[in-house]
Amino acid sequence: MTWLAPAGFRTFCRGIPLADLNGFFTEAGLPAASGASEDGWAWLAHHAETNPDGGAIQQLGQYITGFRYADRVSDQHNVHMVFLASTPACACGHSYAVPHCAQHPCQFAYSRGGFAVSLFNLGERRESHRFGSQADLFIRQFLEEGLVGRTTRYDSEPGFNADGAETVRIIAEHFGLPAGPLGRD
């Protein structure tokens, strides 16, 4: 399963109209290809070559859900932002809750109300290093799928989830993200 084009960033938002979301990112100097699904998710697609600062893209998404945009977003607590990056996890701190470099933001971030709810990197056991106010948001699904725990599928299946596709599948199912921007059937 492919889940994102290489070196790309996808930002999904529910609770803000697509035109407003586009406007926020364009004003910040981060214009993107965009679209909306019938079930309420708007999405933006950035490519790392034209927008290398994935950290700024992820951070702006978090800010939009919070009080910095209170004058323009009426109900921040009902705005959900999911960020996915297909850039490689940064070797400078992929296993710890430390700032990542701009080119290598956390590969998954979910924010609501201006706060980072859950953040982590994808594949190769990185899901075991989660942080945020609800770091264990996916723990039940991760345990059931063998991504975390005392013994994991990483232990028994060489190459399992190397690209993070299983993790993205769990995230997409949890939030009901549209398939098109994820590049999956």
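Strand S2 (residues 33–36) pairs with S3 in the antiparallel sense, over four bridges. Within this pairing, Ala33 stands opposite Ala45 in S3. The hairpin of S2 and S3 has four residues between the strands, and Gly40 takes a positive phi near 100° there. All of this comes from a predicted model, so a word on confidence helps before going on: pLDDT is the predictor's confidence in each residue. The protein chain has a mean pLDDT of 85, with 90% of its residues at 70 or more. Among the elements of the chain, helix H3 (residues 139–144) has the highest mean pLDDT, 96, and H2 the lowest, 86. As a general caution, where pLDDT is low, the predicted coordinates should not be read in detail.

**The sheet**

On its other pairing, S3 is joined to strand S1 (residues 8–14) by seven bridges, and these two strands run antiparallel. Here Arg14 stands opposite Trp41 in S3. Further along the sheet, S4 and S5 pair over five bridges, again in the antiparallel sense, and His80 has Arg112 in S5 as its bridge partner.

How are the six strands ordered in the open sheet? The order is S2-S3-S1-S4-S5-S6, with antiparallel pairing. S2 and strand S6 (115–120) stand at the edges with a single partner strand each, so one side of each has no neighbour in the sheet. From one strand to the next, the twist averages 15°.

Two helices can be placed against these strands. Helix H1 (residues 18–27) lies across S1, S2, S3 and S4, and runs at about 30° to S3. Helix H2 (residues 54–64) packs on the sheet and touches S1, S3, S4, S5 and S6, with a direction that makes about 170° with that of S4.

**His46 and its surroundings**

Strand S3 (residues 41–47) is mostly covered, with six of its seven residues buried. His46 lies in this strand. Is His46 buried or exposed? His46 counts as buried because its relative accessibility is 2%, below the 20% cut-off. A polar atom of the His46 side chain lies 2.8 Å from the backbone oxygen of Leu30. Beyond its neighbours within four places in sequence, His46 is in contact with several residues, including Gly8, Phe9 and Arg10, as well as Phe25, Pro31, Asn51 and Ile57.

**Buried residues side by side**

The table sets His46 beside a proline and two cysteines.

| Residue | Relative accessibility | Class |
|---|---|---|
| His46 | 2% | buried |
| Pro105 | 4% | buried |
| Cys13 | 0% | buried |
| Cys106 | 9% | buried |

Pro105 lies in the loop between strand S4 (80–85) and strand S5 (108–112). Where does the chain bring Pro105 and Gly55 relative to each other? Their C-alpha atoms are separated by 4.9 Å, although the two residues are 50 residues apart along the chain.

The cysteines deserve a closing look. Cys13 is buried because its relative accessible area is 0%, and Cys106 is buried because its value is 9%. A disulfide is a covalent bond between the sulfur atoms of two cysteines. How many disulfides are counted here? The count comes to zero, with the rule asking for a pair of cysteine sulfur atoms within 2.5 Å.

Technical notes
Residues numbered from 1 in each chain as written. Predicted model: local features only at pLDDT ≥ 70, side-chain atom pairs only at ≥ 80, totals over all residues. Heavy atoms only, no water. Buried < 20%, exposed > 50% of the residue type's maximum accessible area, 1.4 Å probe, protein only. Pairing = 2+ DSSP bridges. Polar contact = N/O pair within 3.5 Å; in protein donor to acceptor, adjacent residues only side chain to side chain. Contact = heavy atoms within 4.5 Å. Axes fitted to C-alpha atoms, helices over the stretch in contact; angles between N-to-C directions. pLDDT = per-residue confidence, 0-100.
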